[in-house]
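This report describes selected local features of one protein chain for the bench biochemist. Please consult the sequence and the structure shown below while reading.

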Amino acid sequence: MSKTLERLSELGLELPEIATPAGAYVPALRTGDYVYTSGQLPVVDGKLPATGHLGTDVDLDTGYQLARTAGLNALAAIAGVIGDLDNVVRVVKVTGFVNSADDFTQQPAVINGVSELYGEIFGDRGQHARSAVGVNTLPLGTPVEVEVIVEVSGDAA
């Protein structure tokens with residue numbers, strides 16, 4: 001078992017199945033030493049556990065947990081491209097979109113869910129640049145969507 005999968009297990013987590021794309025795109029794509037994910041939703045067993053806007057329909061803690069789930073789904077998409085997540089040299093960038101009520105301003109606290117998850121999994125390799133953006137709607141009414149860019153070793157699948 002890879003060190004990264006062992007770490008996930010220690011955290012009580014496992015990689016989910018790669019989410020089926022909802023359109024004409026792939027979940028993740030490698031170019032050179034980088035893997036870019038498509039927007040990942042917090043889908044669990046093919047369904048969104050919550051929908052709506054942060055600040056009215058969804059509370060901050062739930063948004064944080066949903067961001068963690070979306071981040072885990074992004075890792076599954078990355079693993080689908082490179083195989084072993086031990087080949088991740090570092091997480092480079094996380095972009096988080098938060099479906100926000102007009103007066104909701106805590107987008108960074110929501111996206112901390114994925115940022116802190118990557119720190120727990122990868123340690124220093126999980127430190128990354130980030131944007132947390134409030135939007136007025138997201139696909140399927142999801143509260144959060146996450147895109148991730150990672151650098152991978154040259155010999156990764």
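Burial is expressed here as relative accessible area: under 20% is buried, over 50% is exposed, and values in between are partly exposed, with a 1.4 Å probe and protein chains only. The model is predicted, so local features need pLDDT of at least 70 and side-chain atom pairs count only at pLDDT 80 or more, while totals for chains, interfaces and linings use all residues. Residues are numbered from 1 along each chain as its sequence is written, and side-chain values use heavy atoms, with hydrogens and water left out.

**Loop residues with positive phi**

Asp-45 is located in the loop between strand 2 (34–37) and helix 2. Helices (H or I, at least four residues) and strands (E, at least two) are DSSP runs, numbered from the N terminus. Phi of Asp-45 is near 50°, a positive value in a residue other than glycine. With 77% relative accessibility, Asp-45 counts as exposed.

Leu-140 belongs to the loop between strand 4 and strand 5. Its phi is near 60°, again positive in a residue other than glycine. Leu-140 counts as exposed, at 65% relative accessibility.

**Helix 3**

Helix 3 comprises 16 residues (residues 107–122). The expected span of a helix is 1.5 Å times one less than its number of residues. For helix 3 this gives 22 Å, and the end C-alpha atoms are 23 Å apart, which agrees. Helix 3 nevertheless has a kink of about 35°, centred on Gly-113. The bend at a residue is the angle between axes fitted to the seven residues ending there and the seven starting there. Just after helix 3, Gly-123 takes a positive phi of about 65°.

Which residues of helix 3 are buried? They are Gln-107, Val-110, Ile-111, Gly-113, Val-114, Ser-115, Leu-117, Tyr-118, Ile-121 and Phe-122. The kink centre, Gly-113, is thus among the buried residues. These buried residues pack against helix 1 (3–10), helix 2 (60–82), strand 3 (88–99), strand 4 (129–135) and strand 5 (144–152).

**Helix 1 against helix 3**

Two packed helices are described by the angle between their axes and the distance between the axes. The axes of helix 1 and helix 3 come within 9 Å and cross at roughly 120°. Axes are lines fitted to C-alpha atoms, for helices over the stretch in contact, and angles run from 0 to 180 degrees between N-to-C directions. Helix 1 and helix 3 are therefore oblique to each other. In this scheme, angles under 35 degrees count as roughly parallel, over 145 as roughly antiparallel, 65 to 115 as roughly perpendicular and the rest as oblique.

Thr-4, Arg-7 and Leu-8 of helix 1 meet Glu-120, Ile-121 and Phe-122 of helix 3. By class, this contact of helix 1 with helix 3 has 3 nonpolar, 1 polar and 2 charged residues. Ala, Val, Leu, Ile, Met, Phe, Trp, Tyr, Cys and Pro count as nonpolar, Asp, Glu, Lys and Arg as charged, and the others, Gly among them, as polar.

**Further residues and their contacts**

Contact means heavy atoms within 4.5 Å. The contacts below leave aside neighbours within four places in sequence.

| Residue | Relative accessibility | Contacts |
|---|---|---|
| Gly-134 | 40% | Val-98, Ser-100 and Gln-107 |
| His-53 | 25% | Val-58, Asn-99, Ser-100, Ala-101 and Asn-136 |
| Thr-142 | 0% | Leu-41, Pro-42, Leu-48, Gly-52 and Asn-99 |

Gly-134 is found in strand 4 and counts as partly exposed. His-53, in the loop between strand 2 and helix 2, also counts as partly exposed. Thr-142 is placed in the loop between strand 4 and strand 5 and counts as buried.

The C-alpha atoms of Thr-142 and Leu-66 are separated by 9.2 Å, although these residues are 76 residues apart along the chain. His-53 and Asn-87 are 34 residues apart in sequence and 36 Å apart in space, C-alpha to C-alpha.

Ser-153 lies in the segment after strand 5. Apart from neighbours within four places in sequence, Ser-153 is in contact with Arg-30, Asn-87 and Val-89.
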